[in-house]
Amino acid sequence: MSLGQTRNFDFRKKDHHQSKYSLPLLHGSLLIMKGDLQENWQHRIAKSTVPMKERINLTFRWINEMS
């Protein structure tokens, strides 16, 4: 969940860096990553050369323990 300043969430395919996308994470955005996106894509919030306002990112992870 993203709170505060809008920032771009960038992702690119691990084995084909020309496949890249960016989407704005607005205040209150919830992004859920799973499956192919989680396994085969790299992701980041890029650094900015422009001063930005405050932003908080809350990350929740589901850990699936093997029995």
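## Largest pocket, fold and selected residues

The largest pocket has a volume of about 700 Å³, in a model that is predicted. Its lining is made up of 21 residues, and those that lie nearest the centre of the pocket are Leu-31, Met-33, Gln-38, Thr-59 and Phe-60. Strand 4, which spans residues 41–45, and strand 5, which spans residues 55–57, are the elements that give two or more residues to this lining. The largest share comes from strand 4, with three residues. Sorted by class, the residues lining the largest pocket comprise eleven that are nonpolar, six that are polar and four that are charged.

The protein chain as a whole contains one helix and five strands, and these follow the pattern β-β-β-α-β-β when read along the sequence. The radius of gyration of the protein chain is 14 Å, which is well over the 11 Å that the globule rule gives for 67 residues, so the chain is more spread out than a compact globule. Taken along the principal axes, the box filled by the C-alpha atoms of the protein chain is roughly 45 × 30 × 15 Å. Of the 67 residues in the protein chain, 15% are buried, and the chain exposes about 6,100 Å², of which carbon and sulfur atoms supply 55%. Where contacts are made between residues at least 6 apart in sequence, 63% of them join residues at least 24 apart.

Four residues can be followed individually, and the table sets out a C-alpha separation for each of them.

| Residue pair | Separation along the chain | C-alpha to C-alpha distance |
|---|---|---|
| Ala-46 and Arg-7 | 39 residues | 8.1 Å |
| Glu-39 and Lys-14 | 25 residues | 8.9 Å |
| Met-33 and Arg-61 | 28 residues | 9.9 Å |
| His-27 and Arg-7 | 20 residues | 9.0 Å |

Met-33, one of the residues that lie nearest the centre of the largest pocket, is placed in the loop between strand 3, residues 16–25, and helix 1. When residues up to four places away in sequence are not counted, Met-33 touches Phe-9, Gln-38 and His-43. Of these partners, Gln-38 is also among the residues that lie nearest the centre of the pocket.

His-27 is found in the loop between strand 3 and helix 1 as well. With a relative accessibility of 58%, His-27 counts as exposed, because the cut-off for that class is over 50%. Leaving aside residues up to four places away in sequence, the residues that His-27 touches are Ser-2, Leu-3, Gly-4 and Thr-6, and the C-alpha atom of His-27 is separated by 9.0 Å from that of Arg-7.

Glu-39 belongs to helix 1, which covers residues 35–40. The relative accessible area of Glu-39 is 57%, and this residue is therefore exposed. Lys-14 lies 25 residues from Glu-39 in sequence, with 8.9 Å between their C-alpha atoms.

Ala-46 occupies a place in the loop between strand 4 and strand 5, the two strands that give two or more residues to the lining of the largest pocket. Ala-46 has a relative accessible area of 19% and is buried, because that class takes in values under 20%. Apart from residues up to four places away in sequence, Ala-46 touches Arg-7, Asn-8 and Asp-10. Arg-7, one of these contacts, is 39 residues from Ala-46 along the chain, while the C-alpha atoms of the two are separated by 8.1 Å.

Conventions. Residues numbered from 1 in each chain as written. Predicted model: local features only at pLDDT ≥ 70, side-chain atom pairs only at ≥ 80, totals over all residues. Heavy atoms only, no water. 1 Å grid on protein atoms, 1.4 Å probe; cavity = no way out; pocket = protein on both sides within 12 Å on 5 of 7 lines; lining within 4 Å. Points joined across faces, edges and corners; volume = space filled by probe spheres on them. Helix = DSSP H or I, 4+ residues; strand = E, 2+ residues; numbered from the N terminus. Nonpolar A, V, L, I, M, F, W, Y, C, P; charged D, E, K, R; others polar. Rg over C-alpha atoms; globule rule 2.2 N^0.38 Å. Buried < 20%, exposed > 50% of the residue type's maximum accessible area, 1.4 Å probe, protein only. Contact = heavy atoms within 4.5 Å. Areas by Shrake-Rupley, 256 points an atom, 1.4 Å probe, with all protein chains shown as cover.
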